[in-house]
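Trainee: Could we go through the side-chain contacts of this model, and then one of its helices, with the cut-offs stated as we go?

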Amino acid sequence: MRVVVCKELGPPEALVVEERPTPEPGDGQVRIAVRAAGVNYVDGLIAAGRYQIRIEPPFVPGSELAGVVDAIGPGVEGLAVGDRVFATLGTGGFAEYAIARPVAVTPIPDSLDFARAASFHQSYCTAWFALVRRTVVRPGETVLVTGAGGGVGLAAVDVARALGARVIAVASTPEKRALAMQMGAEATIDPNVDDIKTRARELAGSGGVDVVYDAVGGELAEASLRALRFDGRFCVIGFTGGIPRIPLNLVLLNNRTVVGVDWGAWVGQNQAENQAMLREVMQNIVAGKLHPVEPVSYPMSRAVDAMRDLQNRKVAGKVALVPDFD
């Protein structure tokens, strides 16, 4: 089989394609013929050695994939050859075949194609964890989402709308703002033109937005915090725009709450609770209440292009790799 390998930490251009033996599943393992692999911003950070979890090369990037179970090792129950599944791995997704343990494998409904199945998990579980577990978004509240044209932001728009909230989407290009509107945002803000605080307060009314879902950080963080009403909640999701420095008097003087959201760290300590949460998300997808976006698909041989375009914010929505080596 062929795989995409990070042989040394660095930019996407350091990734190479290698031929490796197709692995056989051992005790308590299944082998999945990969049909699509999700590409996340964090994959680029890990490959560059700039993530808080450091993985020493060589390794195969990719933590999310979807495909068909094509071999089963001894001791596996509940899965069969031919099952359509998605799997969450630490690494190994950018390959034609992947080995996984059943606890990391979830059957997917016929209504969910492989590309969307491979790319919804991280974004939607982060959004659900933030807006249902770390804080509780109530019907009629207003949620301001930064980075709303990317995968994480679009999932937040979708989840907030499913919870009955109004959504104001902040996104940097017309294409991304249009995608956020298609996902259910009530209004959009162009951070290159508009003053986020002023415009968000105008759109929200009642003194400001109830919740900020900040997936960008950087210069947008303080302006978004200022858009909050008295006693509002600020969810810290990520820092694609850099780690911000915010004057804490903005929190103190308005009784605002800052909520850290690290779904990945939580999962490591709450496996059973995460499985229950994933079932909630899947049930809402099957019921048509959540709508994972169709990702932009790249051939797996163009993994470098996919990761570079994602890092440079040239892609609206999600990104998936599709094996094309034959």
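The exchange below takes ring pairs, charges and a helix in turn.

Mentor: This is a predicted model, in which local features need pLDDT of at least 70 and side-chain atom pairs count only at pLDDT 80 or more, while totals for chains, interfaces and linings use all residues. Residues are numbered from 1 along each chain as its sequence is written, and side-chain values use heavy atoms, with hydrogens and water left out.

Trainee: How many aromatic pairs does a search of the whole structure find?

Mentor: Rings of Phe, Tyr and Trp (its six-membered ring) pair if their centres lie within 6.5 Å, and planes under 30 degrees apart count as stacked, over 60 as edge-to-face and the rest as tilted. With that criterion, the search of the whole structure gives a count of three.

Trainee: Which class of pair do the rings of F86 and F120 form?

Mentor: Their ring centres are 5.2 Å apart and their planes stand at 80 degrees, so the class is edge-to-face.

Trainee: How many residues apart in sequence are the parts that F86 and F120 tie together?

Mentor: Helices (H or I, at least four residues) and strands (E, at least two) are DSSP runs numbered from the N terminus. F86 lies in strand 5 (residues 84-88), whereas F120 belongs to the loop between helix 2 (114-119) and helix 3 (121-134), so the separation of the parts tied together is 34 residues.

Trainee: Is F86 buried or exposed?

Mentor: Buried means under 20% relative accessible area, exposed over 50%, and partly exposed in between (1.4 Å probe, protein chains only). F120, the partner ring, is buried at 1%. For F86 the relative accessibility is 2%, so F86 counts as buried.

Trainee: Over the ring of which residue does the charged end of R84 sit?

Mentor: A charge sits over a ring if NZ of Lys or CZ of Arg is within 6 Å of the ring centre and within 35 degrees of the ring normal. R31 lies in this way over the face of Y97, at 5.4 Å from the ring centre. For R84, the distance to the ring centre is 4.6 Å, and the residue is F114.

Trainee: With which residue does the side chain of D110 meet in a salt bridge?

Mentor: A salt bridge is a side-chain nitrogen of Lys or Arg within 4 Å of a carboxyl oxygen of Asp or Glu, and the whole structure holds 20 of them. D110 is exposed, with a relative accessible area of 74%, while its partner is partly exposed at 23%. The N to O distance is 4.0 Å, and the partner is R84.

Trainee: How far apart are the closest N and O atoms of E280 and R133?

Mentor: E280 is in helix 10 (residues 271-286) and R133 in helix 3, so to speak distant parts of the chain, 147 residues apart. E280 is partly exposed at 25%, and R133 is likewise partly exposed at 34%. The closest N and O atoms of this salt bridge are separated by 3.0 Å.

Trainee: How many of the twelve residues of helix 4 are buried?

Mentor: Helix 4 (residues 151-162) reaches 17 Å from its first C-alpha to its last, close to the expected 16 Å, the expected span being 1.5 Å times one less than the number of residues. Its buried residues, including L154 and V157, pack against helix 3, strand 8 (142-145), strand 9 (166-170), helix 5 (174-183) and strand 11 (209-214), where contact means heavy atoms within 4.5 Å. The helix is mostly covered, and the number of buried residues is nine.
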